[in-house]
Amino acid sequence: MKAAALFLLLAGCPLSFAAFALLPPSPARMGFVFAALAVQLLGLVLAFRAYYAHQQGSGGEQ
Amino acid sequence: MTPADLTTLAAALCLLVAPLALAGLALMNAGFSRSRSAAHAVLSALVASASAAIGFLILGCAFFGAFFGAPSRTITVHGLPWGLIGSAHTFLRGVDLHSAQPALAVGFLLFAAALVAVIPLGSGADRWRLYPMALSAALVAAIPFAIFAHWIWGGGWLSQIGAIDAGGSSAIAAVGGLSALSITWLLGPRQGKYDDGGMALPGHNMVMVLFGCLLTFAGWIGLTSASALLFGAATPASIPLIAANTLLAASAGLLATLWVTRSRYGKADASLCANGFLAGMVAVGASCHLIVPVEAAAIGLAIGVILPFSVEWLDILGLDDPSGAITVFGIGGLWGTFAAGALVPGHAAQWLAQLVVISALLGMALPVTHLLHLAVNLIAPQRVSAEGEQFGLDLHELGAGAYPELQQVMKDHLNR
């Protein structure tokens, strides 16, 4: 997994926590959670892409 | 007998059935692997269960914390303390194991940790070495599983925002499924899977797979019921509903997969149907005693339709997952976690809290598990050598296999 993908996945967790810890129930809270998930989705896409590209070149991540 | 005593007795009885899920998964993994790695697959399940239980005893119990008389380590935001991690003693020191509630929680969590460790084995079938796997199992049970279980069941921040997971769709299934994804990324595909245009490498014994599926189902009902009684505020009267909902979701998942595979391939695919059954069972766990049977069937139906496409999609991306654990437990667990928010009657923002659970799984369980797998890989390579994979893990790592006559024939063939 690429470092950028790992970072994006990790970053989503405090973002979604902050949505509930800092914001009252509101559309802004919902937006914050969706933003966190979008960041993580991007991280997942990067991870899958990196794996796929690596497989095209060789066999296995090792 | 007081209601509390009755709940304790019911949870204890349910817990006694839970090992069937481990046996079922071990059998399924053996069936999905090739004949030359069958004994290794079952031994791996035993070793992973043992390592996970010991890992949880050493460190995981401290990170879980709740029920063990220790407060969480918290972060205070706007004057409100949010539970981040348990702070109990290691080795279960200080836990009153003569009281029913903590003792049951310990028993349940040890089985849950073992399941989390066994789930990814099918994804690493035919190429995951035994010793690094044991170390990975212990670390995953002790760190990401224990921390996530604290968050959702042990009074941590996910339970504080009102998130629910009565039967372990997120804490057990999704954590195990994401661990399967991580190890599949790390190990890469089996030899021959995608070389020269690629080829199907079917499991060696579909009867094992199907019987294992039934055993897993029996154990899962016990595990889900025990979980709902311990952490989901269910009562013993809810157990028949939990069993009915689990059966209906699994049945709908199976029939949906049967229909999709028959429509797409002309014939029903036995391994995908078994996975559809399990995926429905896994998905309904989060809300098992909080929804009506029709809703349970709908949850199963949806994942049963998704499953064949997901398995195919992962295959196209080059992810060689022989048992389909990523889809069954990973995607099934995530779907069940979200569906609980959409279907459970409660406060309006329940679905938003469930989305945060998914975010926590992707943001903590997946990366932490992957870092642990990578760390173990630095100490001891997780993937077997090319020669070992060719001979089969039975001969390479155990010295003897499940089918000695068959292996002698193969040995002669390879030496020719």
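Contact here means heavy atoms within 4.5 Å. Keep that cut-off in hand for the tour of this predicted model.

**Stop 1: chain A**

Select chain A. Among its contacts between residues at least 6 apart in sequence, 56% join residues at least 24 apart. Its secondary structure is 2 helices and 0 strands. The radius of gyration is 15 Å, well over the 11 Å that the globule rule gives for 62 residues, so chain A is more spread out than a compact globule. Along the principal axes, its C-alpha trace spans about 50 × 15 × 10 Å. Turn on a surface: chain A exposes about 3200 Å², with 75% of it supplied by carbon and sulfur atoms. Of the 62 residues, 40% count as buried.

**Stop 2: helix H1 of chain A**

Now select residues 3-22 of chain A, helix H1. Put a distance between the end C-alpha atoms: they are 28 Å apart. That agrees with the 28 Å expected for 20 residues at 1.5 Å a residue.

Colour the buried residues next. Among them are A:Leu6, A:Leu9, A:Cys13, A:Phe17 and A:Phe20. They belong to a buried set that packs against H2 of chain A and, from chain B, strands S1 (72-77) and S2 (80-86) with helices H5 (130-153), H6 (157-160) and H13 (350-379).

**Stop 3: A:Cys13**

Stay in H1 and centre on A:Cys13. Its relative accessible area is 8%, under the 20% cut-off, so A:Cys13 is buried. Which residues does A:Cys13 contact, leaving aside its neighbours within four places in sequence? In chain A, the partner is A:Gln40. In chain B, the partners are B:Trp151, B:Trp157, B:Ser359, B:Ala360, B:Gly363 and B:Met364. Also pick A:Val39: it lies 26 residues from A:Cys13 in sequence and 9.7 Å away in space, C-alpha to C-alpha.

**Stop 4: chain B**

Switch to chain B. Here there are 16 helices and 2 strands. The radius of gyration is 21 Å, close to the 22 Å that the globule rule gives for 416 residues, so chain B is as compact as a globular protein of that length. Its C-alpha atoms fill a box of roughly 70 × 45 × 45 Å along the principal axes. Of the 416 residues, 58% count as buried. Among contacts between residues at least 6 apart in sequence, 80% join residues at least 24 apart. The exposed area of chain B is about 14800 Å², and carbon and sulfur atoms supply 70% of it.

**Stop 5: helix H11 of chain B**

Select residues 293-316 of chain B. The end C-alpha atoms of H11 are 35 Å apart, which agrees with the 34 Å that its 24 residues should span at 1.5 Å a residue. Where does H11(B) kink? Look at B:Leu307, where the kink is about 30 degrees, shortly before B:Pro308. Both B:Leu307 and B:Pro308 are among the buried residues of the helix, which also include B:Ile299, B:Ile303 and B:Leu314. Show what covers the buried residues: H2 (27-57) of chain A is included, together with H9 (239-265), H10 (270-283) and H12 (325-343) of chain B. Step just past the helix to B:Gly318, which takes a positive phi of about 85 degrees.

**Stop 6: the cysteines**

Select every cysteine. How many disulfides does the structure hold over all chains? There are 0. B:Cys14 has B:Cys288 as its nearest cysteine sulfur, 10 Å away. At 9% relative accessibility, B:Cys14 counts as buried. For B:Cys273, the nearest cysteine sulfur is that of B:Cys213, 9.8 Å away. B:Cys273 is buried too, with a relative accessible area of 7%.

How values were computed. Residues numbered from 1 in each chain as written. Chains lettered and ligands numbered in written order. Predicted model: local features only at pLDDT ≥ 70, side-chain atom pairs only at ≥ 80, totals over all residues. Heavy atoms only, no water. Helix = DSSP H or I, 4+ residues; strand = E, 2+ residues; numbered from the N terminus. Expected span 1.5 Å × (residues − 1). Bend = angle between axes of the 7 residues up to and from the residue. Buried < 20%, exposed > 50% of the residue type's maximum accessible area, 1.4 Å probe, protein only. Disulfide = S-S within 2.5 Å. Rg over C-alpha atoms; globule rule 2.2 N^0.38 Å. Areas by Shrake-Rupley, 256 points an atom, 1.4 Å probe, with all protein chains shown as cover.
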